[in-house]
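Work through the exercises below with the model open. Each task is followed by a solution in steps.

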Amino acid sequence: MQLHDLVDAVTGDEPPTTRTVDDIILAGRRAERRRRAGFASAGAAGLVVVAVAGAFLLPTLGAERGTPAPLGAATTSGSGAAAWSEAAPFTLTFKGYDAGTLHVQDPIVVSTAYQIASVYSDRHTSNDKPVTKEEADAQGDIIEQKKKAAGGKPNLWAYLTVYRPGAFDPAGIKDGRNVTVAGRKAVQATLPVGLDPRNELDPGNKLFAWEYADNAWAAVTSVSGDDAAPSFEDLGGLVEGLKLSQPTPAPVPFTVGYVPRGYKPLQIGTHAMPGLSGIATARAGDYGGATYTKRAAPTSGLTAPYDQGEGTIKDGFHIFVTPSTSSNQSPEPGTTRCYNASDRPGGDGSGPEAGGFCNVWSADGKVVVQVSTGGLGNGLSQSELEKVAKGITVADVNDESTWTPAAQALQP
């Protein structure tokens with residue numbers, strides 16, 4: 001799964017279809033074909049889902065495991081400064097807020113180094129609520145008609161990443177321009193097509209980062225169909241609204257009973273998929289998920305979320321807990337079903353999307369748990385995936401009071 005494929009699916013002219021990795025890739029490829037034919041809007045270059053450059057998979061996705069490093073402490077400077085106390089891993093430490101026409105949502109993705117929240121705009125359409133393939137096929141040109149009826153709003157895919165102290169390196173932003181906004185050090189840069197560093201720059205793709213506390217940075221990434229909006233000035237308006245809040249453990253609707261030796265939790269999604277795929281499908285009604293890796297990911301020197309960089313997440317697996325309506329497999333109530341990469345339609349067991357996965361359906365068939373290695377190197381055997389899948393206990397997905405703090409839920 002490539003990041004530019006995800007960006008295509010999110011910013012393309014038609015809504016994403018069902019949300020397996022394969023489906024999102026197909027949506028991205030359709031957007032690419034339309035763009036080549038001259039139908040795509042300017043600035044809609046890639047698609048960023050959860051694996052930004054190959055780390056994400058949405059297929060349906062022991063001992064010696066240490067605890068991720070804490071988020072650390074940060075203190076704001078100046079009069080009226082507020083201290084941000086040290087927070088445990090997978091903790092939420094800010095809330096959504098408004099800044100002019102931009103609206104930051106509550107964070108729904110948390111890693112060992114940052115939290116991510118969607119950003120919406122009054123002047124744009126946010127395409128993060130997938131429809132089924134049948135709905136998309138039935139709509140056809142109606143999608144374009146609706147866009148025109150709504151005033152022709154361009155698409156926007158934007159998200160705010162709030163990094164823990166010491167995690168973000170502003171000097172690593174390629175061609176970044178140092179500025180000062182609201183008394184804060186900041187960096188702004190134009191990003192390439194599809195957020196792929198091999199491509200040329202796209203004026204509709206922007207990054208604006210600022211130091212919200214001592215050695216602690218936040219960054220907003222904007223992929224817009226309008227080159228002029230949001231502008232850097234618009235994005236800079238987010239600076240003063242970001243406030244620290246009482247740390248709150250991020251809950252997930254499941255607990256694990258088995259994790260292969262050496263694998264550690266990297267990131268989670270609460271009411272969402274883990275990582276950028278969770279942001280790409282933020283309003284899809286998913287319940288939660290997690291990504292584990294065997295090779296430790298860096299907790300400093302970052303310039304983007306882990307799955308926006310190629311090769312950052314390898315040798316791992318995903319856990320997804322979703323409504324059965326989000327799967328492209330027919331519900332099989334009370335059944336566990338596992339597949340190798342070569343068993344999947346059109347699959348040959350090769351390529352960046354290769355990987356096995358197991359589905360565990362609830363007794364009524366309404367909820368599916370998927371454990372998958374798709375896009376993460378396929379380092380685990382099918383038998384190991386099945387052990388992970390069968391060891392997962394799902395709470396009442398409709399009652400968050402039954403959910404478990406992620407730091408606790410992810411440890412057997």
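**Exercise 1. Strand pairing**

Task: Find how strand β6 (residues 109-111) is joined to β7, and in which sense the two run.

Solution.
- Step 1: Count the bridges. β6 and β7 are joined by 2 bridges and run antiparallel. Two strands pair if DSSP finds at least two bridges between them.
- Step 2: Pick a partner. V110 stands opposite Q115 in β7.
- Step 3: Look at the connection. β6 and β7 make a hairpin, with 2 residues between them.

A note on conventions. This is a predicted model, where local features need pLDDT of at least 70, side-chain atom pairs count only at pLDDT 80 or more, and totals for chains, interfaces and linings use all residues. Residues are numbered from 1 along each chain as its sequence is written, and side-chain values use heavy atoms, with hydrogens and water left out. Helices (H or I, at least four residues) and strands (E, at least two) are DSSP runs, numbered from the N terminus.

**Exercise 2. Other partners of β7**

Task: Identify what stands opposite V119 of β7 in β5 and in β8.

Solution.
- Step 1: Take strand β5 (residues 102-104). It is joined to β7 by 3 bridges, and the two run antiparallel. V104 is the residue opposite V119.
- Step 2: Take strand β8 (residues 156-163). It pairs with β7 over 6 bridges, in the antiparallel sense. Here A158 is the bridge partner of V119.

**Exercise 3. The two sides of β7**

Task: Sort the residues of β7 by the way they point, and decide whether they are buried or exposed.

Solution.
- Step 1: Recall the rule. In a regular strand the side chains alternate between the two faces of the sheet.
- Step 2: Apply it. Y114, I116, S118 and Y120 point one way; Q115, A117, V119 and S121 point the other way.
- Step 3: Check burial. In β7 (residues 114-121), 8 of 8 residues are buried. Buried means under 20% relative accessible area, exposed over 50%, and partly exposed in between (1.4 Å probe, protein chains only).

**Exercise 4. The buried side of α7**

Task: Locate the buried residues of helix α7 (residues 382-390) and find what they pack against.

Solution.
- Step 1: List them. E384, L385, V388 and A389 are buried.
- Step 2: Explain the pattern. They lie on the same side of α7 because they cover an arc of only 135° around the axis. The arc is that of the directions from the helix axis to the C-beta atoms.
- Step 3: Find the neighbours. The buried residues of α7 pack against β18 (316-323), β20 (357-361) and β21 (367-372). Contact means heavy atoms within 4.5 Å.

**Exercise 5. Salt bridges**

Task: Examine three salt bridges: D128 with R283, K185 with E211 and K387 with E384.

Solution.
- Step 1: Set the criterion. A salt bridge is a side-chain nitrogen of Lys or Arg within 4 Å of a carboxyl oxygen of Asp or Glu. The structure holds 7.
- Step 2: Take D128 and R283. Their closest N and O atoms are 2.7 Å apart. The pair links distant parts of the chain, 155 residues apart. D128 is buried at 3% relative accessibility; R283 is partly exposed at 41%.
- Step 3: Take K185 and E211. The closest N and O atoms are 3.7 Å apart. K185 is in strand β10 (residues 184-192) and E211 in strand β11 (residues 201-213), so the pair ties together parts 26 residues apart in sequence. K185 is exposed at 52%, and E211 is buried at 15%.
- Step 4: Take K387 and E384. The closest N and O atoms are 3.9 Å apart. Both residues lie in α7, 3 residues apart, about one turn of the helix. K387 is partly exposed at 44%.
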